Amino acid sequence: MGQDIRVTLETYCEFLTTIPDAALLADSDGGIVWANEMAVALFSGSADGLWAQNVEELIPEHLREGHFEHMKRYWDNPVARSMGNRERLGARRQDGTSITVAIMLNQLNLEDGRYALAICRDMSQEQRQKNDLHEALEQEKVLSTTDPVTGVGNRRHFSNELLYEIERSSRHARVFSVAYLDLDNFKDVNDRYGHAQGDKLLQQIVEVAQRRLRKTDVIARIGGDEFAVLLPETGTTTIQSPIADLLHKMKQSMHDSGWSVTISCGVVTFRTPPGTPEDALKAADKLMYEVKAAGKDASREAVFERGPSELRHSSGTEGELPD
Ligand SMILES: Nc1nc2c(ncn2[C@@H]2O[C@H](COP(=O)(O)OP(=O)(O)OP(=O)(O)O)[C@@H](O)[C@H]2O)c(=O)[nH]1
C-alpha cells in the first residue's frame, strides 16, 4: 500500500515535470518537498536551494503574515483555486527580486500525508507590459491636454476646468470670471526675430501669469497667441484688479524685453453659470474681439446673469493700463 502511494506521488511528480509551468509541492507546514525544473528556474538558482525552503520564503515580506492565516484557512477548508481567475500575486525569488505570478492551488490527499500543489505561472512580463501601457496612457492623457510650447494646459484642458467650474458654480451659486487674452502684433515678432523668439515670448507671457495668478486660477494657451484665464470665486468687485494687474505686468514684461507687443482682453464675470464651456469662452472672446476692432491694447468687461439681456457690459479699460 505504502509503495502504491509512493508510486502515486512519483507519478504525480513525473507528470509535473512535463508541464510548461512552475510546480511546487508543499507539506502542511509549508515546507517545499518537491519542485519541477520550471519552479527552480522561476524561484531559485538551484533545486537544493528551493527544496530546503518554506513556501513562506517565496512570499514578499509584507504579505507573509496574511499568508500564514490564509494557509491555515486553506488546510481547514481546501478549495481548489484555478489559474483562470484574474488575480495576480507578488512573489519573491531566492535572490530577493520580485516577480508577479498567477497561482493554481490544489490539495493532494495521499495516505502518507496531505500536500498542497501550487502551479505558478510567471506573469511578470505581462504585468510590466500592463504597467508600461498604463504609464504611456497616463502620459498621453497629459500630452493631449498640454500646450507643448509653454507647458500650460491647452484648449481642451481649459474646457475641462471650465466645465468643472460651471458645475461647481451651479451647485454652490459661486461667481467666477473668464478672461480671453489675445496678443497684439505678435506676428511682427515672428517675422522679425523668428519663430523661436516668438516661442520665448509666449513662454514669458505664461511665466508672468503664473507669478501673478493664484494657485486656483487656471491659465491655458488656447490658440497661437491666445490665452484664457479662469478665475474662480472672482466677481466684478474683485475682477478689475487681478486681470488689470496681470495685463499691466505682461505689458511691462514685453516692454522690458523690447517687444512692441500689447494685449487685447475680454473678461466676463458669470454670476449665473453659462450653459457650456464654449459659451463662456465665446462670450469673453466676443469682448476681446470688440477691443481688437476698436484699436487693440485694452480690456473690456461684462457681467453675465441669466435674464432678458443676459450679457451686460460693465466697464472697459481703454489704452493705458493702471500703474
Ligand atoms: N512663435 C510661434 N508663433 C505662433 C505659434 N502659433 C501661432 N503662431 C503665430 O501667431 C501669429 C498669430 O497671428 P495673428 O493673431 O494675426 O498675429 P497678431 O500679429 O498678433 O495679430 P493681431 O492679433 O491682429 O494683432 C501668426 O503669425 C502665427 O504664425 C507658435 O506656437 N509659436
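These exercises work through a predicted model of one chain with a ligand.

**Exercise 1. Find the domains and state how far apart their centres lie.**

Step 1. Divide the chain. Domain 1 covers 2-128, and domain 2 covers 145-317.

Step 2. Take the centres over C-alpha atoms. Those of domain 1 and domain 2 are separated by 63 Å.

Step 3. Check with a pair of residues. A244 and V101 are 143 residues apart in sequence. In space, their C-alpha atoms are 60 Å apart.

**Exercise 2. Decide whether A244 is buried, partly exposed or exposed.**

Step 1. Place the residue. A244 sits in helix 9, residues 236-256.

Step 2. Count its surroundings. There are 17 other C-beta atoms within 10 Å of A244.

Step 3. Apply the cut-offs. Buried needs 20 or more such atoms, and exposed needs 12 or fewer. A244 has 17, so A244 is partly exposed.

**Exercise 3. Describe the largest nonpolar core.**

Step 1. Give its extent. This core has 49 residues.

Step 2. Pick out the residues with the most contacts inside it. They are A179, A228, C265, V268 and A284.

Step 3. Name the main contributor. Helix 10 (residues 277-293) gives the most to this core, with 7 residues.

Step 4. Zoom in on A228. Leaving out residues up to four places away in sequence, A228 touches F158, V178, A179, Y180, A220, I222 and L281.

Step 5. Look for another core. One of 24 residues lies apart from the largest. Its members include L24, A26, M38 and A116.

Step 6. Recall the general trend. In soluble globular proteins, nonpolar side chains tend to be buried together.

**Exercise 4. Describe the residues around the ligand.**

Step 1. Count them. The ligand has 13 residues around it.

Step 2. List those that come nearest. They are D184, F186, K187, G198 and G224.

Step 3. Trace the elements. Strand 6 (176-184), helix 7 (186-193) and helix 8 (195-212) each supply at least two residues of the shell.

Step 4. Sort by character. The shell has 3 nonpolar, 5 polar and 5 charged residues.

**Exercise 5. Judge the confidence of the model.**

Step 1. Start with the whole chain. The average pLDDT is 87, and 89% of the residues score at least 70.

Step 2. Find the extremes. Strand 7 (residues 218-221) is highest, at 98. Strand 11 (residues 311-317) is lowest, at a mean of 57.

Step 3. Flag the weak stretch. Over residues 317-323 the pLDDT is below 50. Beyond near neighbours in sequence, this stretch has 12 contacts in the model.

Step 4. Add the overall scores. The model has ipTM 0.95 and pTM 0.71.

Technical notes
Residues numbered from 1 in each chain as written. Predicted model: local features only at pLDDT ≥ 70, side-chain atom pairs only at ≥ 80, totals over all residues. Domains from an automatic or database assignment. Core = buried A, V, L, I, M, F, W, Y, C linked by C-beta atoms within 7 Å. Helix = DSSP H or I, 4+ residues; strand = E, 2+ residues; numbered from the N terminus. Contact = placed C-beta atoms within 7 Å. Near = placed C-beta within 6 Å. Nonpolar A, V, L, I, M, F, W, Y, C, P; charged D, E, K, R; others polar. pLDDT = per-residue confidence, 0-100.
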